[in-house]
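Please look over the sequence and the model below before reading on. The report that follows takes up helix packing, nonpolar cores and aromatic rings in turn.

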Amino acid sequence: MEYLYLIGSVFFTSSSSICGAFYNRRNVDEKNSAALYSFLKLVAVFVLWAVMFACNSEFNADVIIYSVMFAACYTMCNVFLIMALKTGPVALTSLLMQLSLIAVSVWGFFFWNSSFTVLTAIGLLLVAVALFLCLYKKKTDEEHKINFKWLLFAITAFIGNAGCSIIQKTQQMKFDGKYGGELMMIACGISAVFCLFFWLSKPHEQSLKMIKSSGIFPLIAGVCNFLLNLFVIILATSTLSPSLIYPVIAVGGLAVTTFFSVFVFKEKMRFTQWLGVAVGAIAVGVLSI
């Protein structure tokens with residue numbers, strides 16, 4: 001059963017990029033589509049965590065401040081992820097999201113007294129190589145020119161995703177692994193409200209049309225996001241080693257996303273970018289150990 005949870009987590013972790021890419025392709029010329037997608041996704045996640053919290057309610061007021069900080073990063077991650085997927089390649093966007101482990105590792109050195117191991121050094125070096133391969137281009141290579149808007153959106157989503165991981169782990173360390181459901185429920189509720197205001201503040205006349213044609217994708221992404229977090233919590237208390245769980249989820253999710261990028265979305269990238277994705281997958285696996 002534990003391996004089924006692990007396999008499920010691999011597919012759930014790739015769902016945000018894949019569902020977002022499908023949604024964007026249905027709404028290429030629509031305005032305010034990112035805010036609507038984020039709102040629908042976060043509502044789905046909030047409802048599911050609220051049900052979980054109601055079934056096993058543990059409340060601590062001290063967790064609220066962590067929930068607010070998590071909500072800010074979670075909103076940033078979700079909104080700018082869908083914007084990055086709309087302006088750039090799915091595979092590279094997914095890679096940058098997975099590489100948010102860099103920030104978590106660096107944060108651990110300074111604030112969690114994490115040891116700097118040989119594997120960590122190798123992982124960070126591979127990250128640098130992967131980023132160089134993905135982002136560098138010759139001046140004469142106009143076909144594969146990096147979109148500045150995509151890079152800005154992807155880096156912002158990267159920061160938001162790293163912030164979520166740092167805040168969640170800090171909260172779990174401080175409260176001895178408790179109140180994780182409370183953290184997620186409150187944070188998702190705040191994020192959903194923020195995205196609602198963001199959506200309503202811009203033209204939204206085409207929202208009903210977008211919901212009818214592609215509203216299923218943010219809902220699927222929301223359910224998968226909930227199941228991913230739930231499965232990771234279950235796996236954390238299983239007999240499987242963390243050195244197996246996290247590399248498999250991270251690298252497996254990147255592999256699934258890359259498969260969709262190539263065979264479903266028909267994305268074209270230069271050879272060095274594909275090599276960068278491969279090196280990045282190895283880096284994520286090393287940093288996850």
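What follows is a description of how parts of this predicted model pack against one another.

**The largest core**

The largest nonpolar core is made up of 38 residues, and those with the most contacts inside it are Tyr23, Leu36, Tyr37, Trp49, Phe70, Tyr74 and Cys188. At least two residues of this core come from each of the helices α2 (15–26), α3 (33–55), α4, α8 (148–174), α9 (180–200) and α11 (216–236), and α3 is the helix that gives the most, with 10 residues. Cys188 offers a closer look at these contacts: leaving aside residues up to four places away in sequence, Cys188 touches Leu42, Val45, Phe46, Trp49 and Tyr74. Apart from this core there is a second, separate one of 21 residues, which includes Ala250, Met269, Ala283 and Val284.

**Helices α4 and α5**

Helix α5, which spans residues 90–98, is mostly covered, since 9 of its 9 residues are buried; among them are Val90, Thr93 and Met97. These three residues of α5 are met by Cys77, Leu81, Ala84 and Leu85 of α4. Sorted by class, the contact of α4 with α5 comprises 6 nonpolar residues, 1 polar residue and no charged residues. The axes of α4, which covers residues 64–87, and of α5 come within 9 Å and cross at roughly 155°. Because angles over 145 degrees count as roughly antiparallel, α4 is described as roughly antiparallel to α5.

**Aromatic pairs**

The structure holds 15 aromatic pairs, and the table gives two that are edge-to-face.

| Pair | Centre to centre | Angle between the planes |
|---|---|---|
| Phe175 and Tyr179 | 5.8 Å | 90° |
| Phe259 and Phe260 | 6.1 Å | 80° |

Are the residues of these two pairs buried or partly exposed? Phe175 and Tyr179 are both buried. Phe259, in contrast, has a relative accessibility of 46% and therefore counts as partly exposed, while Phe260, with a relative accessible area of 23%, is partly exposed as well. The cut-off matters for Phe260, because buried means under 20% relative accessible area, and the value for Phe260 is 23%.

Phe259 and Phe260 also belong to a wider group, for ring pairs link them with Phe22, Phe217, Phe263 and Phe265 into a cluster.

How values were computed:
Residues are numbered from 1 along each chain as its sequence is written. This is a predicted model: local features need pLDDT of at least 70, side-chain atom pairs count only at pLDDT 80 or more; totals for chains, interfaces and linings use all residues. Side-chain values use heavy atoms; hydrogens and water are left out. Rings of Phe, Tyr and Trp (its six-membered ring) pair if their centres lie within 6.5 Å; planes under 30 degrees apart count as stacked, over 60 as edge-to-face and the rest as tilted. Buried means under 20% relative accessible area, exposed over 50%, partly exposed in between (1.4 Å probe, protein chains only). Helices (H or I, at least four residues) and strands (E, at least two) are DSSP runs, numbered from the N terminus. Axes are lines fitted to C-alpha atoms, for helices over the stretch in contact, and angles run from 0 to 180 degrees between N-to-C directions. Angles under 35 degrees count as roughly parallel, over 145 as roughly antiparallel, 65 to 115 as roughly perpendicular and the rest as oblique. Contact means heavy atoms within 4.5 Å. Ala, Val, Leu, Ile, Met, Phe, Trp, Tyr, Cys and Pro count as nonpolar, Asp, Glu, Lys and Arg as charged, and the others, Gly among them, as polar. A nonpolar core is a set of buried Ala, Val, Leu, Ile, Met, Phe, Trp, Tyr and Cys residues joined through side-chain atoms within 4.5 Å.
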